[in-house]
Amino acid sequence: MVRYRLSEAAQVDVLGILAWTHQQFGETARLRYERLVVAALRDVASNPDRPGSIARPELGAGVRSWHLRLSRLHNGPGVEFVRRPRHFLMYRTEPGLVVIGRVLHDAMELARHLDSEANWE
């Protein structure tokens with residue numbers, strides 16, 4: 001498995017998503033979504049070019065997306081899954097590292113929220 005790192009923007013995205021989920025649906029739903037995000041991060045880190053990931057050259061060199069719905073059955077046995085996840089991991093690879101630039105809602109216009117020239121720190 002390749003290591004992964006979340007940019008500052010991605011960290012803010014995840015915290016906001018989890019806070020909103022908690023506020024709207026409660027702690028159980030937040031924990032379920034949190035497990036889903038972790039599963040998606042592991043999936044992408046284990047194979048960044050895995051089937052289902054999409055190359056996004058319009059968003060920058062090497063940028064790919066992974067919809068969380070593709071990881072919803074990877075939480076482990078007996079764990080309830082999120083029925084309709086709505087977020088993408090936006091990422092790119094560097095030698096030995098997957099950098100998650102943003103975690104964005106699938107209804108967003110991605111290009112408005114992902115600066116191809118920005119440093120993904």
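A charge is taken to sit over a ring if NZ of Lys or CZ of Arg is within 6 Å of the ring centre and within 35 degrees of the ring normal. R56 meets this rule, lying over the face of F88 at 5.4 Å from the ring centre.

The model is predicted, so local features need pLDDT of at least 70 and side-chain atom pairs count only at pLDDT 80 or more, while totals for chains, interfaces and linings use all residues. Residues are numbered from 1 along each chain as its sequence is written, and side-chain values use heavy atoms, with hydrogens and water left out.

Helices (H or I, at least four residues) and strands (E, at least two) are DSSP runs numbered from the N terminus. Helix 1 covers residues 8-25, and its end C-alpha atoms are 26 Å apart, in agreement with the 26 Å expected for 18 residues at 1.5 Å a residue. That expected span is 1.5 Å times one less than the number of residues.

The buried residues of helix 1 (under 20% relative accessible area, 1.4 Å probe, protein chains only) are A10, D13, V14, I17, L18 and T21. They fall within an arc of 120° seen down the axis, so they line one face of the helix. On the other side, E8, V12, L15 and Q23 are exposed (over 50%).

One aromatic pair is counted (ring centres within 6.5 Å; edge-to-face if planes are over 60 degrees apart). The rings of W20 and F25 have centres 5.7 Å apart and planes at 75°, so the pair is edge-to-face.

| Residue | Relative accessible area | Class |
|---|---|---|
| W20 | 49% | partly exposed (between the two cut-offs) |
| F25 | 57% | exposed |

Notes. Phe/Tyr/Trp six-rings, centres within 6.5 Å; stacked < 30°, edge-to-face > 60°. Arc of directions from axis to C-beta.
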